[in-house]
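Reader: I would like a close look at one part of this model, followed outward into its surroundings in a single connected account.

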Amino acid sequence: MTQPAGVEFHNVVKRYGDVAAVTGVSFRVDAGTLVTLLGPSGCGKTTTLRMIAGLELASEGRIEIAGRDVTAVGATQRDVSMVFQSYALFPHMSVLENVCYGLRRSGIAREEAGRRAREGLAQVGLAGYEERQPSELSGGQQQRVAVARALVLRPSVLLFDEPLSNLDARLRRQMRQEIRTLQQSLGLTVVYVTHDQQEAMAVSDRIIVMNKGAIEQDGTPRDLYERPATPFLARFMGESNPATGIARPLGNGRIAVRLGEAEIAVASPRVVSGSVTVAIRPETVRVESRVPNSGGLTGRVEAASYVGTHMEYGIATTVGSLFVVCPRVERPLPVGHEVDLLLEPRGVILVDG
Amino acid sequence: MTRAGERGAALAWPALGLAACVLLPWYALQDGLGSLGWARELWNSEESGAAFALGLSLGRWWLLPTIACLFAAAITALLPLPRARRGTLLALCGAAGIACFVAQALGIGLRGWTADWLTGLFGELDGRQFGIGAGGAVAGIACVGIVASGLALRGAFGGDAFVAGAVAAVIASIVLFTAWPILRILVQAFQNGDGAFVPSLLLERLSAPKIWTLRCLLGGGRCGVAWNTLFLAVCCGVGTTALGLAFALIATRTGFRYKRTLRVLTVLPIITPPFVIGLALILVFGRSGLVNQFLEWAFAVPPTRWIYGFQGVFLAQLFAFTPVAFLVLIGVVEGVSPTLEEASQTLRADRWATFTTVSLPLMKPGLANAFLVGFIESIADFGNPIVLGGDYRVLSTEIYFAVVGAQLDYGRAAALGLLLLAFALGAFFLQRRIVGTGSYATISGKGDAGLPTPLPAAARRVAMAVALPWAAITALLYGFAFLGGVVKVWGRDYTLTLEHYVKAFAVEHGANGLIWSGAAWHSFWTTVKLAAVAAPLTALLGLLAAWLLVRQRFAGRAALEFATMLSFAVPGTVIGVAYVFAFNVPPLEITGSALIIVLCFIFRNMPVGVRAGMAAMSQIDRSLDEASATLRGRAPQTLAFVVLPLLRPAIVGSLIYGFVRAVTTVSAVVFLVTAEYELATTYIILRVINGDYGLAVAYSCALIALMLVAILAIQLAVGDRRLGRRAGPTQGARA
Ligand SMILES: Nc1ncnc2c1ncn2[C@@H]1O[C@H](COP(=O)(O)OP(=O)(O)O)[C@@H](O)[C@H]1O
Ligand SMILES: [Mg+2]
C-alpha cells in the first residue's frame, strides 16, 4: 500500500512513426487531487494517460511520479492502476478472481488477497457478486468491478480512460458521483480522461484541456468556464456564440464592448481597443419582445424549439446569428418575431485571437 | 524496481555466461553430457575443457575476448550507475560478446583460419574448430540475453526485460535455424568441389539444359525439371482450386445432407502422410493394380506402368491438396456477405446473375489465393513425386538425387534448391499481394448477416457432378489403402491376413520382458519421441512469436513478422538440404543427431503456429493485457494467467499441427535421418520404393491411428476455456 503521489510531465512528446500524437506537454497533478484530461476525440488524451500508466513510453521529455523519474519504467513497475474504457475484465475469471488478480501479482497471500478483494467489492457496492463471471453482470456492475480491481491495490495514481462512455446517461451521472466520492474519501490521486465537458466539470479539482496533442488551458472548472483563454476553449467548454465587437477602454480593469446596437462593460485584465472577438454564453442572454431604446441588441427569431426544460432560439442579429436558451417556456416567441437581446457582463467573454 | 533489484536482474545473464565458461565444456562432446566423465577434464582437456581453461592455459586464446565481454557486463551490472547508462553499457558489452563469439566461430574452420587475410594477420593457427557444445551455447545465449536486458533498461520493448529477452530469443533462433541455413545454400551454390568461391558457377549450374530444355514440346525426349515442376504446379493449382470451390459451395450454399461426411473426408488427408494417396493409386492403377488386372483378365491388355509419371503425381496431388484448397475457399465463400447478395436480388438480379456478377467476382481474390496455395504445395511436395513420378523428374526429387544419389553433387543441389526457393517465394509474394490488396470478402461481425443465397440450380448441378464422384473416389482410395495392408500380396494373393501388421509391430515375450521385434517399432518410437518433443516447442515458440508480433511494439516488428511468414514459403526439400549444408561442419555440428531433426520440425512448422496464434490473439482485446500490466502483472505472468488461458483453442491447434506435421513430413527430413534416427515416413517411403506395399500400407494405417489418438490426448490434456454464461466471444466483457 502506497501513499497517493503526484505526477509531473516535462515537455513530453509521443510520436508514432512520423505523426506526433502528443506534442510537448508539461503539467503537474498534485497528490490527492482529481485532474481531468479533457478534449475532443483524437487530441491525445488517451495517449497522455497511457504514458502515465507506462503502457506507452514517451518519445521525448521526462515523466515523474512521486518525484521519481519513471520515463523508461514499464507499466508493471510504476505503481499505477487503470480503469479501461472497455473495463478489460478477464472473461475467464470470476469477479473475485478479477479483483484478486493484482493483489496476487503483488505477492499477497491468497487469503489476504481474498479478504481485501471482498472489502473492495463491498466498497463499490458489489458484495455478494464474488462468484459471478463478468459476462453475468450488467454494464454498470462491470464498471464497478473494474474500479474495485484497480482500487484494491491502493495505487499511488489511479487512471480512468473514459470510464463511463459505455453507460446510459442516468447511470453515468450516478457513477461519476460515486467515483468522486471514493476519490475524496480515500484521498486518491486520480487522472481522469473524458471528452464530456459536463462530466469533467462535475468531478474535477482541475481540468487540463487538450487540443491537437497540446495543452490548451489548465485550471479549475470555474476558471475554464468563466475565463476561457482561447476561442477553442470558449466553444468547447459549454455552448458559446462567437462575435466581433468594438472595444473601448473604461479604466479600472474594464472595457466597453459595442456589439451592434448594444454596449456592455466587461472585465478585462488588459487594456484593449478596436476590434475584439467575444464569446456570448447562450444561457446569459435575456430575450424580450422588441421595445424602443431598450439598450439591447435587436434581432429576429429564426428558429424556435421546445426541449422540455427550456426554449432554444436561433436569432438573427446585426453581429450574426446567435444561439440563445431561454428558461421561459409558457409563451414561446414565434418565428419572425422582433426581439431585443439583453446581454449580461458575465456572459460576454473576451477571447484572444 | 529498486536500484538493488535492477542490479540483481542485470547481473543474471552475465553470471550465467561466466558460469558456463567455468563449469561446462565449451565444445560438443562425443557422447554428450550424460556420463559425467567430462567434469574431471574441465581444466586439462582440449576436447572437454571449459572456456576459461581453454583460453588461459590450453592455447585457445580466441575464446578470451568473449569471456572478457561477459566479465565487463558483470562489472557493469554491479556498478552504481543510472538506469539508462547501465542499459547502454550492457547492450554494448553483449553486442561485443556476440561479435567476438561469432568471429571466432566463423573465422576458424576445420583447417585453421578460414581466410587468407586472417592467416596473414595472426600467423598460422595451431588448432582447429570443434562443434560448439553446452558451454559455448550457454555463453552465446547469455550474450544475447545481456543485449536484450540492456535494451530493456534503456526503455526499449516497453522497458520489459522479459519481452526484450523473448524478442531476442525468437530473432536469434530464426536467424540461426532458418536464415543461416538458407544463406549457406546460397554460398554452396557458388562453390566448386573444393569449396572455392566461383561466381560464374551458379549461372552455369542454373543454365544446364537438363533444367530448362523444352524438348518434349518438339516431340523428342523429356522437358527440363524446371518446366516439369512449373507445369505440374499450375495444373495442381487449377485442379485443387476448382475442386475446392465445388466442395466449398456445396458445404455452404446447398441443403446437401451429408455435409458433415464431406468435411471429414476433406480433413482426413490432412492427418495422413502425404504419400498414402499415392500408395493407394499404385494399388488401384499400378502395374499389378486392380485396373490393370481387370483389363488383362477381361481384354487381355498387357499391364502397363501408365500411372507412373505426370498423370500419377498430378492425381495424387489433387487428392492430397484439395482439402487445403477447400479450407481456404470455405472461408472465402462464407466471407461473401449475404447482405450483398440479398441486395443484388432486390435489384432484380435472379440467382444466376447474382452468382456471376456479385458472388464470383467477390471471391476472385480468394480463388487466386487458393490457386497459389495449391501451387506452392505442389512444388514443395516430395513424397508423391518420389513414389509415382517415374521418369517425370521435378525439382524436389532432383535435389534429393543430387544429394543422396550417386551424383553427390552438393553444388548442383544447392543451385536447384535456390531455383525451387525462387519459385516458392515468387508465388508467395504474388499471393501476399493478392490477399493484401484485392480482398473484399469481409465478415463485418455486425448482426446484419442475412441468409446465404442458395446456389443457382445450374451451378449446383456442376458442383455436385464434380465433387461427389471425387469424394467417392477419395473414400474408395482410402478403403483400398486400408485393404492393401490386410491382404497377402496385392495383385496376386488376396487372402486376408494380418501378417504385415505382425511383421511391422510384433511384440514378443522374451527372457527379459517384452521384445519389440516388429520391423517398424524402431522408427515408430523415434517418430513418436521426436514429434512429442518438437510439438510443444513448436507451439511454444509459435505462440510466443505471435504474442510478440500482435501485442508488443518494437523496432523491427514488421521485419520479424515478414521473416516468419517467409520461412513458411520455403519448401521442405530446400530446408532439408540447407540443414545438411549448414550443420554438418563446426561451429554447429549437429547432423546425424536427433537434435537436428527436432530443430527441423520446429522451424518448419512454427510459421503456421505463428499465424494461428496471431489470428487467435487479435480476437482478444488488447486492453486485457494492459489491464494485467497495470495490475502489477509482469509480462510472463500476463502471458501465463491471462493470454494462455484465453488461447486454449489455439494452443490445441498448434500442438496438433506441430505433432501431425512432424509425423507426416517427408521432404525436409529425408536428408536428415540416419540409421539411428529413422523416421516412420522415410522408412515407409523406402518400403514403397522397394515394392513392399503391404508393410507400407499397414504402417501408414498405424500412423493415422497414432495421430487420432494424439489429437484426442492433446484435446483432453489442454482442455477448453470456460467463459461463463455467454461462452463465445473472447473480448473483454463489455456492457
Ligand atoms: N498506436 C498508434 N499508432 C499510431 N497513431 C496513434 C496510435 N495511438 C494513437 N494514435 C494517434 O494519436 C492521436 C491521439 O490519439 P488518442 O490519444 O487515442 O486520442 P484521444 O484519446 O484523445 O481520443 C490520434 O490522432 C491517433 O490517431
Ligand atoms: Mg481516447
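Is A:Arg144 buried or exposed, and what is its relative accessible area?

Author: The model is a predicted one, and what follows should be read with that in mind. In this model A:Arg144 is buried, because its relative accessible area is 14%, which is under the 20% that sets the limit for a buried residue. The residue belongs to helix α4 of chain A, which runs over residues 139-151. Leaving aside residues up to four places away in sequence, A:Arg144 touches A:Val124, A:Leu126, A:Gln174, A:Met175 and A:Glu178.

A second arginine of chain A, A:Arg180, also counts as buried, at 10% relative accessibility. A:Arg180 forms a salt bridge with A:Asp205, and the closest N and O atoms of the two are 2.9 Å apart. A:Arg180 lies in helix α5 (residues 169-186) of chain A while A:Asp205 lies in the loop between α6 (197-203) and β9, so this pair ties together parts that are 25 residues apart in sequence. The partner A:Asp205 is partly exposed, with a relative accessible area of 30%.

Beyond β9, the loop between β9 (206-211) and β10 (214-219) of chain A holds A:Lys212, a residue that is exposed with a relative accessible area of 71%. Its contacts, again not counting residues up to four places away in sequence, are with A:Thr23 and A:Cys43. A:Lys212 and A:Gly44 are 168 residues apart in sequence, yet their C-alpha atoms are 6.9 Å apart in space. Another loop residue of chain A, A:Asn252, sits between β11 (241-251) and β12 (254-259) and counts as exposed at 80% relative accessibility. A:Asn252 is not a glycine, although its phi is positive, at about 60°.

A positive phi is also found in chain B, where B:Arg632, a residue other than glycine, has a value near 75°. B:Arg632 lies in the loop between α26 (622-630) and α27 (635-646) of chain B and counts as buried, at 13% relative accessibility. This arginine leads to the contact between the chains, since B:Arg632 forms a salt bridge with A:Asp79, with the closest N and O atoms 2.7 Å apart. Across the interface of chain B and chain A there are two salt bridges. The contact takes 37 residues from chain B and 41 residues from chain A, and the two chains bury about 3,200 Å² between them, with 56% of that area on carbon and sulfur atoms. A network of salt bridges links A:Lys14, A:Arg50, A:Glu56 and B:Glu626, and the charged end of A:Arg105 sits over the ring of B:Phe641, at 3.7 Å from the ring centre.

Within chain B, the side chains of B:Glu398 and B:Arg412 meet in a salt bridge, at 2.7 Å from N to O. This pair links distant parts of the chain, with B:Glu398 in helix α18 (residues 395-404) and B:Arg412 in helix α19 (residues 410-437), 14 residues apart. Both B:Glu398 and B:Arg412 are buried. Over all chains, the count of salt bridges comes to 27.

Aromatic rings form another set of contacts, with a count of 35 aromatic pairs over all chains. In one of them, the rings of B:Phe310 and B:Phe314 have their centres 5.5 Å apart and their planes at 5°, so the pair is stacked. Both residues, B:Phe310 and B:Phe314, lie in helix α14 (residues 310-335) of chain B, where they are four residues apart, about one turn of the helix. Residues three or four places apart in an α-helix point the same way, because such a helix has 3.6 residues a turn. Elsewhere in chain B, ring pairs link B:Phe505, B:Trp521, B:Phe524, B:Trp525, B:Tyr683 and B:Tyr699 into a cluster. Over the face of B:Tyr683 lies B:Arg687, at 5.1 Å from the ring centre, and the side chain of B:Arg687 also meets that of B:Asp692 in a salt bridge, at 3.6 Å from N to O.

Helix α3 of chain B (residues 64-78) allows a check on geometry: at 1.5 Å a residue its 15 residues should span 21 Å, which agrees with the 21 Å between its end C-alpha atoms. The buried residues of α3(B) are B:Thr66, B:Ile67, B:Cys69, B:Leu70, B:Ala73, B:Ala74, B:Thr76 and B:Ala77.

Conventions: Residues are numbered from 1 along each chain as its sequence is written. Chains are lettered from A and ligands numbered from 1 in the order in which they are written. This is a predicted model: local features need pLDDT of at least 70, side-chain atom pairs count only at pLDDT 80 or more; totals for chains, interfaces and linings use all residues. Side-chain values use heavy atoms; hydrogens and water are left out. Rings of Phe, Tyr and Trp (its six-membered ring) pair if their centres lie within 6.5 Å; planes under 30 degrees apart count as stacked, over 60 as edge-to-face and the rest as tilted. Helices (H or I, at least four residues) and strands (E, at least two) are DSSP runs, numbered from the N terminus. A charge sits over a ring if NZ of Lys or CZ of Arg is within 6 Å of the ring centre and within 35 degrees of the ring normal. The expected span of a helix is 1.5 Å times one less than its number of residues. Buried means under 20% relative accessible area, exposed over 50%, partly exposed in between (1.4 Å probe, protein chains only). Contact means heavy atoms within 4.5 Å. Buried area is the accessible area (1.4 Å probe) that two parts lose on being put together, summed over both. A salt bridge is a side-chain nitrogen of Lys or Arg within 4 Å of a carboxyl oxygen of Asp or Glu.
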